[in-house]
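Reader: I'd like to go through this one at the bench-talk level, a question at a time. Could you take me through it?

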Amino acid sequence: MKQPKQIDAVIVGGGPAGLAAAVALFDHGIENIIILEREAQLGGILRQCIHDGFGLTRFSQTLSGPEYAQRFIDAVEKRRIPYLLKASVLEVSADKTVTAATRDGLMQWKAGAVILTMGCRERTRGALAIPGDRPAGVFTAGVVQAYINLYNRMPGKEVVILGSGDIGMIMARRLTLEGAHVLGVFEVQPYPSGLPRNIQQCLLDFDIPLHLSHTVTQIHGKSRLTGVTISQVDDKMQPIPGTETFYPCDTLVLSVGLIPENELTIDAGAVLDSRTKGADVDENYQTSVPGIFAAGNVLHVHDLVDFVSLEAERLAASVAVYLREHQLPCCPIPVIPGDGIGHVIPQHISGQRDVSLSLRVNRPFENAAIVVRQQGRALCRKPLRKIAPAQMLELTVKAQQIAPEQALEVSVE
Amino acid sequence: MTKEFTCIVCPNGCQITAQWDGSRVGEISGALCPRGAAYVSQELTAPKRNIATSVRVQGGVLPLASVRLTAPIPKEAIFPALQQIQQLTLTAPVEAGTVILRGLLGYDSDVIVTRGCEKA
Ligand SMILES: Cc1cc2nc3c(=O)[nH]c(=O)nc-3n(C[C@H](O)[C@H](O)[C@H](O)COP(=O)(O)OP(=O)(O)OC[C@H]3O[C@@H](n4cnc5c(N)ncnc54)[C@H](O)[C@@H]3O)c2cc1C
Ligand code: SF4
């Protein structure tokens with residue numbers, strides 16, 4: 001292998017997070033950078049999300065996924081920011097050496113900063129442990145999306161969808177539009193895990209039933225799926241005996257959640273947060289390894305790409321400071337998720353500047369407020385009529401409100 | 001009569017309650033912005049939707065280009081519209097942004113390519 005190339009920043013992953021980070025870094029004057037992407041195109045998962053609804057907050061117009069991605073790809077091209085396709089990053093070390101398998105063999109960079117934007121992957125049947133054989137016809141929603149939207153292949157005709165995540169609901173509509181019959185969407189939780197607008201426009205619009213507190217308890221079929229048994233579950237999510245119903249179908253689509261893709265992050269020695277399954281970061285999106293940063297779905301699962309782009313741009317602003325001054329302000333104040341909160345990003349702050357917190361609640365609430373407190377003193381309060389775990393929320397805490405050295409606790413009241 | 005809606009215009013998905021006497025929309029509550037009221041009136045009088053689908057491409061690196069409509073069409077026209085779009089075939093290269101069908105089914109809505117397809 002050749003000598004590692006010296007470079008200011010390596011961006012691992014050319015999805016919306018990586019693209020936005022690269023463009024913003026360049027605009028902050030950091031031009032010696034490269035994007036490494038393992039696929040044959042830039043754009044990440046958005047390439048296969050052909051439905052509209054992207055970019056409403058950013059561009060005040062509703063775009064499809066590929067169009068949203070293209071705006072950022074165009075911005076990268078216009079600035080002539082270097083990128084390498086079919087370049088799979090194999091290792092990021094704590095001293096910020098990045099190793100990738102490329103079409104020209106193994107390549108290495110010695111970077112001033114490494115930006116992790118690898119996105120996430122889908123949970124599969126293995127993560128669920130449904131009893132039964134392993135016939136053909138069981139797919140994750142993202143795979144079905146790629147089949148239909150990229151390769152022109154229909155997975156089947158009679159479809160059951162497990163999990164009410166947004167991608168599952170969007171695929172319920174897509175399959176219906178393409179002529180399949182969707183028997184229903186079954187969700188083990190007592191509330192939907194996707195956004196209300198998708199329940200309306202993807203399920204109700206097409207009379208697709210949504211069954212809450214239900215799950216698949218048996219898969220039938222030897223070589224091809226012939227049906228599934230669905231049971232109702234109790235409030236501890238255990239199947240209730242006697243509620244089993246057989247649904248004949250040739251396709252089962254799993255939309256049971258996304259997990260940040262963090263093998264590289266772990267190998268680099270960065271600490272992960274057990275709630276987000278992504279890196280533990282400070283207000284600069286810096287991980288516990290100095291000079292290694294993370295944003296987008298690799299940090300925590302987003303439902304709106306608009307927020308992904310914003311987060312990556314905030315990251316880029318910090319990386320530019322880090323590269324110029326070789327350090328960032330110390331962030332000793334922990335931010336702790338309290339009652340009703342699933343997770344909060346960032347996990348540490350400096351208290352020196354205004355900070356924007358991204359969070360999710362862990363169950364639905366009505367007429368409640370998200371409150372940030374320091375030793376009982378309220379710093380900020382955001383009242384909300386309805387809050388569901390499907391929605392990521394952002395709120396800003398002003399620097400002048402924050403006292404030094406005390407933890408911030410965020411909770412639903 | 002009181003009617004309940006989930007606004008689909010933006011990801012907030014406001015739950016909107018509206019009074020409806022069968023021909024006119026009365027008081028509306030629950031919308032965070034004025035687009036909610038416009039959406040509800042449209043739902044009560046003539047509901048419209050946009051659609052996204054794909055069109056076959058010959059000689060491309062992928063077999064499909066993706067498309068959407070430039071403006072929403074009446075809900076009941078969705079399946080007829082899809083039938084018409086599925087009859088189209090394009091030849092690579094296809095560029096994003098190209099209008100491939102004007103005035104779909106006579107509505108003021110065009111079919112536009114959202115993800116193009118390079119020549120194989
Ligand atoms: C199947 C699926 C469907 C989705 N649908 C929607 C939707 O409809 N609407 C919506 O708003 N959001 C959707 N999302 C969420 C969407 O992923 C985010 O909004 C956004 O795309 C996240 O951007 P990202 O850049 O963080 O990740 P991604 O878009 O996933 O991009 C990550 C990129 O990193 C690359 N990469 C990963 N590991 C390596 C490596 N080791 N070396 C080199 N490159 C690497 C990947 O190839 C990929 O291109 C969906 C997610 C999934 C998984
Ligand atoms: S009423 Fe306004 S804010 Fe609420 S969902 Fe509709 S468009 Fe969004």
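**Where the chains meet**

Author: Happy to. Keep in mind that this is a predicted model. To start with the interface, chain B and chain A bury about 2,500 Å² between them, and 56% of that is on carbon and sulfur atoms.

Reader: How many residues of chain A are in contact with chain B?

Author: The size of an interface is often given as the accessible area lost when the parts come together. Residue counts give another view of this one. Chain B puts in 31 residues, and on the chain A side the number is 30.

Reader: What about charges: how many salt bridges are there between chain B and chain A?

Author: Side chains of opposite charge can pair when their charged atoms come close. Here, Arg68(B) and Glu67(A) do that through their side chains, at 2.8 Å from N to O. The count between chain B and chain A is three.

Reader: Which elements give two or more residues to the side of chain B that touches chain A?

Author: There are both helices and strands on that list. The helices are H1 (35–45) and H2 (78–86) of chain B. The strands of chain B are S5 (52–58), S6 (64–69) and S10 (111–115).

Reader: And by class, how many nonpolar residues does that side of chain B have?

Author: Take the other classes first: 11 residues are polar and six are charged. Polar contacts turn up too, with 11 residue pairs across the interface, both partners at pLDDT 80 or more. The nonpolar count on that side of chain B is 14.

Reader: Moving to ligand 1, which residue has a backbone N or O atom 2.8 Å from one of its oxygen atoms?

Author: Three backbone contacts are worth going through. A backbone N or O atom of Arg38(A) is 3.2 Å from a nitrogen atom of ligand 1, and a polar backbone atom of Ile45(A) is 3.0 Å from an oxygen atom of the ligand. The residue at 2.8 Å from a ligand oxygen is Asp303(A).

Reader: How much of ligand 1 does the protein bury?

Author: Start with the ligand taken alone, which exposes 970 Å². Around ligand 1 there are 35 residues, with Ala17(A), Glu37(A), His51(A), Asn297(A) and Asp303(A) coming nearest. Of the ligand's exposed area, the protein buries 94%.

Reader: By class, how many charged residues does the shell around ligand 1 have?

Author: The shell has 17 nonpolar and 14 polar residues. Its charged residues number four.

Reader: Back to salt bridges: how far apart in the chain are Arg79(A) and Asp27(A)?

Author: Their side chains meet in a salt bridge at 2.7 Å, N to O. Arg79(A) is in the loop between helix H3 (65–78) and strand S5 (83–84) of chain A, while Asp27(A) is in helix H1 of chain A. This pair links distant parts of the chain, 52 residues apart.

Reader: What is omega for the cis peptide bond from Ala92(B) to Pro93(B)?

Author: Pro93(B) is in the loop between strand S8 (89–91) and strand S9 (99–101) of chain B. In chain A, a cis peptide bond joins Ile345(A) and Pro346(A), with omega about -5 degrees. For Ala92(B) to Pro93(B), omega is near 0 degrees.

Reader: Last one: which residue other than glycine has a positive phi near 60 degrees?

Author: Look in chain A, in the loop between H8 and strand S20 (333–337). The residue there with that positive phi is His326(A).

Key
Residues are numbered from 1 along each chain as its sequence is written. Chains are lettered from A and ligands numbered from 1 in the order in which they are written. This is a predicted model: local features need pLDDT of at least 70, side-chain atom pairs count only at pLDDT 80 or more; totals for chains, interfaces and linings use all residues. Side-chain values use heavy atoms; hydrogens and water are left out. Contact means heavy atoms within 4.5 Å. Buried area is the accessible area (1.4 Å probe) that two parts lose on being put together, summed over both. A salt bridge is a side-chain nitrogen of Lys or Arg within 4 Å of a carboxyl oxygen of Asp or Glu. A polar contact is a pair of N or O atoms within 3.5 Å; within protein, one must be able to donate a hydrogen and the other to accept it, and residues adjacent in sequence count only if both atoms are side-chain atoms. Helices (H or I, at least four residues) and strands (E, at least two) are DSSP runs, numbered from the N terminus. Ala, Val, Leu, Ile, Met, Phe, Trp, Tyr, Cys and Pro count as nonpolar, Asp, Glu, Lys and Arg as charged, and the others, Gly among them, as polar. A residue is near a molecule or strand if one of its heavy atoms lies within 4 Å of it. Accessible areas come from the Shrake-Rupley method with a 1.4 Å probe; for residues, only the protein chains shown count as cover.
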